[in-house]
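This report covers the pockets, cavities, metal site, cysteines and selected loop residues of one model. The sequence and structure come next.

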Amino acid sequence: MTGATLSTASSSNELLKEIRARTVDLHRALDEKVADRSVLSEEGYVRFLTMHARIIPAAETWLAGRREFLEIPDAKDRLRNGSLQSDFCALGIPMPAVENMSFLNEKTSVAGICYVLEGSRLGGAYLASLIGQGGARHPVNFLCQGRERPLWRTFLDWLSSLEQSRANIDGAADAAENMFRTYLSVLD
Ligand code: HEM
């Protein structure tokens, strides 16, 4: 991950270690593909938001129906579909069609899906500061949603509280990989 340092906390967390090992290259590929078109331009920013908007409504609807998700601290405050819709409204463009997310089913790991969505806030905070410094006047409700709270910290604490069984670890890493691959596939 370019210039980024993986948060060292909970390095004893086997589940986190394995998810990171299995997705670090996918994250780098996604990071580079997003950077192909600068988010400082309106075209690049709409492309970035559209990528999220093709995934987040379906993923969050699925999460909201999972008991395990509701056990994550501040679960409901982690949902960003509303702030995404307000950014599209401010840009005066309709939300795109949602991607087929058939891999989201009763067996899919909430931990793996949330790792990608919650982690994307870290990149989001970085991009919001880039946009602020670059003087672009993009609506950033989605990028800034929840940033006043330690949502990544409390997510990592929840992740380390899960049973670190082989089945949980494999399930979470599989789900996180699928989620990154879906992000890469919907980014035009
Ligand atoms: C240009 C686009 C992006 C940039 C510049 C970026 C940058 C970053 C940065 C700086 C971190 C924090 C690393 C740290 O302090 O630990 C991070 C973490 C992360 N990002 Fe991205 N990111 C981008 C796009 C994305 C997207 C689109 C997703 C997923 C949809 C994503 C998922 C993650 C995850 C899961 C982590 C947590 C890694 C870990 O600590 O295990 N990123 N990213």
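Which helix supplies the largest share of the lining of the second largest pocket? H9 does, with four residues.

## Basis of the model

This is a predicted model: local features need pLDDT of at least 70, side-chain atom pairs count only at pLDDT 80 or more, and totals for chains, interfaces and linings use all residues. Residues are numbered from 1 along each chain as its sequence is written, and side-chain values use heavy atoms, with hydrogens and water left out.

## Second largest pocket

The second largest pocket holds about 170 Å³ of space. A pocket is an open set of points on a 1 Å grid over the protein atoms alone, with protein on both sides within 12 Å along at least five of seven lines. Lining residues have an atom within 4 Å of a point. Grid points are joined across faces, edges and corners, and a volume is the space filled by probe spheres set on the points.

Thirteen residues would be a long list, but five matter for locating the centre: of the 13 lining residues, Glu 68, Ser 109, Val 110, Ala 111 and Asn 168 lie nearest to it. Helix H6 (110-133) and helix H9 (166-186) each give at least two residues to this lining. Helices here are DSSP runs (H or I, at least four residues), numbered from the N terminus. By class, the lining has six nonpolar, four polar and three charged residues. Ala, Val, Leu, Ile, Met, Phe, Trp, Tyr, Cys and Pro count as nonpolar; Asp, Glu, Lys and Arg count as charged; the others, Gly among them, count as polar.

## Cavities

Two cavities of 30 Å³ or more are present. A cavity is a set of grid points where a 1.4 Å probe fits but cannot get out. The largest cavity holds about 60 Å³. Its lining consists of Glu 60, Leu 63, Phe 69, Arg 78, Leu 79, Arg 80, Cys 114, Leu 117, Glu 118 and Arg 121. Helix H3 (56-64) and H6 are the elements that give two or more residues to that lining. H6 has the largest share, four residues. The class split is five nonpolar, no polar and five charged.

The second largest cavity holds about 30 Å³. Phe 48, His 52, Arg 80, Ser 120, Arg 121, Gly 124, Phe 142 and Leu 143 line it. Two or more residues come from each of helix H2 (42-53), H6 and helix H7 (141-144). H6 gives the most, with three. This lining has three nonpolar, three polar and two charged residues. Arg 80 and Arg 121 appear in both cavity linings.

## Glu 118 in the cavity wall

Glu 118 sits in helix H6 and belongs to the lining of the largest cavity. Is Glu 118 buried or exposed? Glu 118 is buried, at 4% relative accessible area. Buried means under 20%, exposed over 50%, and partly exposed in between (1.4 Å probe, protein chains only).

The side chain of Glu 118 makes a polar contact with the side chain of Arg 78, at 2.9 Å. Arg 78 also lines the largest cavity. A polar contact is a pair of N or O atoms within 3.5 Å; within protein, one must be able to donate a hydrogen and the other to accept it, and residues adjacent in sequence count only if both atoms are side-chain atoms.

## Iron site

The iron atom of the ligand has a single donor from the protein: His 27 (NE2), 2.1 Å away. Donors are N, O and S atoms within 2.8 Å of the metal (3.2 Å for Na, K and Ca); water is not among the atoms, so sites may look incomplete. His 27 lies in helix H1 (residues 14-35).

## Cysteines

There are zero disulfides. A disulfide is a pair of cysteine sulfur atoms within 2.5 Å. Why is Cys 144 unpaired with Cys 89? The closest cysteine sulfur to that of Cys 144 is in Cys 89, 17 Å away, too far for a bond. Cys 144 counts as buried at 18% relative accessibility. Cys 114 is buried too, at 2%.

## Loop residues

Asp 74 lies in the loop between helix H4 (67-70) and helix H5 (81-91). Its phi is near 55 degrees, a positive value in a residue other than glycine. Most residues other than glycine have a negative phi. Asp 74 is partly exposed, at 32%.

Ser 165 lies in the loop between helix H8 (151-161) and H9. Ser 165 counts as buried at 19%. Its side chain reaches the backbone nitrogen of Asn 168 at 3.1 Å.
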